[in-house]
Amino acid sequence: MTLLTQAFLLLWKDTLLELRRRDSLLTMFFFGILLLFVFNFAFDLAPDRIAEMAPGLLWLAFLFTGTLGLAQLFQAERENHNLDALLLSPLDGGALFLAKATFNLMLMVLVEIVVIPLFWILFNLRLWNLLPQVFLVTLLGTIGFCVLGTLMSALTLRARARELLLPLVLFPLMIPVILATIRCMEEVLRTGQFGDQIGWLRLLLGFDVIFLTAGVLIFDWVIES
Amino acid sequence: MTEQLQPIHKRKGILGGLALAAVLFSLCWSLAVAPPDAYQGEVQRIMYLHLPSILIAYLSYFLVFVGSGLYLWKREKRDDILAHAAAELGVLFTALTIIEGSIWGRPTWGVWWTWDARLTLTAILLLIYVGYLMLRSLIEDENRAAVAAAVLGIIGFLDIPLIHMSVYWWRTLHQPPSILRPDKLPWENVHPSMLTALTISFVSFLLLYFYLLSLRYRMGEMRQEIIARRLERGA
């Protein structure tokens, strides 16, 4: 079996599990919406300032909901020694990495498709025509988050207090993605185009490619640990 | 066993003595011999600590990367001990750099901290490697902790250029480098005695660093010996 077939089968397994249990998606979804409400009380979101605050707030929401998803990502493997069973099978570590990263990406994108328009509605943003650009930036950032996040989730798999440890090791490494997405989105919301912030998009793309490659190559070591 | 260890101890003692002498010498030189800065006055002397500290910290993180890579490749315990020791010292020297920088920044810039690119980068480095140490300490199984830490050591190092680029695009306020400039040779834009003081101070920091590293490395080895003996007795 090639890498991609293996990855697809693993992804299918996770999707089926999720369809039957609906643990991760529902919690992430409601947590994301809950955060929008909390932001409303925490900040003075005047209508004239909301467009400049939107990128930061949205990314905070995605970071937190994404971390929830990552903490649950290997839950099925933790139960009943399923991970050992997976490792016994003639499976490429890279395939498992691709499947898990894609699965978390799917969950996060589903959440984002709902949360971004909801943000526009709840805070009366008028810039509906800019949604495609906003989604593009968000997608590139989310890929980076899921790729590196899957690696870190697997690294912390056997640690004590792993849910607490995961954001501690992940967030400092995520700073390029956080900066790039937020600056890029600010520019889009202010001027309607990427302008000279296009360099951030390249940085995001570079980040995604570097850690996707690194992940496929070293994931054998990561899960064996 | 003890006879074997004796010369190592002796060599380490010599290194320690050298480091102490060099630090004292560089202290005298940078406090008394080097002239005060034309604009900043006496406070500029912190540079003689500040610059070597951050260079040593970077050296440390490079050693973490090398040790991690070697460990994943060859699986020899000593590489892991090296990476662990270097990570701890890297965190120590990064923290020192930030503290020295704050003490210098308060009279010079008027603030203890500002979100300038280089300051932010240094703080992020500190966070990454504190995370590295926490990851190590929270995984019970020695070998698993070593592999996980090695992977993080490599990923963290790969991430540094990206973080560097992003925070520099974000903002920059730190004074441009005054020693390593593209347009002039080092000895053309700094007073020669300042450059001497800086070199002496860097060498003394280097000696001190390798002394501390050898101590910390030996500590890691001793831990392994204790674990091995316990296993022997148990079996």
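**Figure 1. B:Leu119 sits in helix 4 (residues 117–138) of chain B.** The model shown here and in the views below is a predicted one. Pick out B:Leu119 and count around it: 19 C-beta neighbours fall inside 10 Å, and since a residue needs 20 or more to be called buried, B:Leu119 goes down as partly exposed. Its partner in this view is B:Ile98, which is 21 residues away along the sequence. In space, the C-alpha atoms of B:Leu119 and B:Ile98 are 7.6 Å apart.

**Figure 2. Chain B overall is a set of helices, with seven of them and zero strands.** Walk along the sequence and the pattern reads α-α-α-α-α-α-α. How much of chain B counts as buried? Of its 235 residues, 34% do. Now take the contacts in chain B between residues at least 6 apart in sequence: 76% of them join residues at least 24 apart.

**Figure 3. Helix 7 of chain B covers residues 192–234.** How far apart are its end C-alpha atoms? They are 63 Å apart, and because 43 residues at 1.5 Å a residue should span 63 Å, the helix agrees with expectation. The buried residues of helix 7 of chain B start with B:Met194, B:Ala197, B:Leu198, B:Ile200 and B:Ser201. The list carries on with B:Ser204, B:Phe205, B:Leu207, B:Leu208, B:Tyr209 and B:Tyr211. When you look at spacings like these, keep in mind that an α-helix has 3.6 residues a turn, so residues three or four places apart point the same way.

**Figure 4. Helix 3 (residues 77–109) of chain B packs against helix 7 of chain B at about 130°.** The two axes are 9 Å apart. That angle makes helix 3 of chain B oblique to helix 7 of chain B, and the crossing is right-handed. On the helix 3 side, the contact uses B:Lys77, B:Ile81, B:Leu82, B:His84, B:Ala85, B:Ala86, B:Glu88 and B:Leu89. Helix 7 of chain B answers with B:Tyr209, B:Leu212, B:Leu213, B:Arg216, B:Tyr217, B:Gly220, B:Glu221 and B:Gln224. Sorted by class, this contact holds nine nonpolar, three polar and four charged residues. B:Tyr209 also appears among the buried residues of helix 7 of chain B.

**Figure 5. Over in chain A, helix 2 (residues 23–42) meets helix 6 (residues 93–122).** Their axes come within 10 Å and cross at roughly 25°. With an angle like that, helix 2 of chain A is roughly parallel to helix 6 of chain A. Which hand does the crossing have, left or right? It is right-handed. Helix 2 of chain A brings A:Ser24, A:Leu25, A:Met28, A:Phe29, A:Gly32, A:Ile33 and A:Leu36 to the contact. Among the helix 6 residues they meet are A:Leu107, A:Leu110, A:Val111, A:Val114 and A:Phe119. By class the contact comes out as 13 nonpolar, two polar and no charged residues.

**Figure 6. Helix 7 of chain A packs on helix 10 of chain A at an angle of about 25°.** The axes are 9 Å apart, and the two helices are therefore roughly parallel to each other. Here the crossing is left-handed. Helix 7 of chain A contributes residues including A:Leu140, A:Gly141, A:Ile143, A:Gly144, A:Val147 and A:Leu148. From helix 10 of chain A come, among others, A:Leu201, A:Leu204, A:Leu205, A:Phe207, A:Asp208 and A:Phe211. The contact divides into 15 nonpolar, four polar and one charged residue. As for helix 7 of chain A itself, its 25 residues reach 35 Å from first C-alpha to last, close to the 36 Å expected. Helix 7 of chain A is also mostly covered, with 19 of the 25 residues buried.

**Figure 7. The two chains meet through 26 residues from chain A and 26 residues from chain B.** On the chain A side, helix 7 (131–155), helix 8 (162–173), helix 9 (175–191) and helix 10 (198–224) each supply at least two residues. Which helix gives the largest share? That is helix 10 of chain A, with nine residues. The chain A side splits into 20 nonpolar, three polar and three charged residues.

**Figure 8. A:Phe171 lies in helix 8 of chain A.** It counts as partly exposed, because 17 other C-beta atoms lie within 10 Å. A:Phe171 and A:Gly149 are 22 residues apart in sequence, and their C-alpha atoms are 9.1 Å apart in space.

Definitions and conventions: Residues numbered from 1 in each chain as written. Chains lettered and ligands numbered in written order. Predicted model: local features only at pLDDT ≥ 70, side-chain atom pairs only at ≥ 80, totals over all residues. Helix = DSSP H or I, 4+ residues; strand = E, 2+ residues; numbered from the N terminus. Buried ≥ 20, exposed ≤ 12 C-beta atoms within 10 Å, placed from the backbone. Contact = placed C-beta atoms within 7 Å. Nonpolar A, V, L, I, M, F, W, Y, C, P; charged D, E, K, R; others polar. Expected span 1.5 Å × (residues − 1). Axes fitted to C-alpha atoms, helices over the stretch in contact; angles between N-to-C directions. Parallel < 35°, antiparallel > 145°, perpendicular 65-115°, else oblique. Left-handed = near helix turned anticlockwise from the far one by under 90°.
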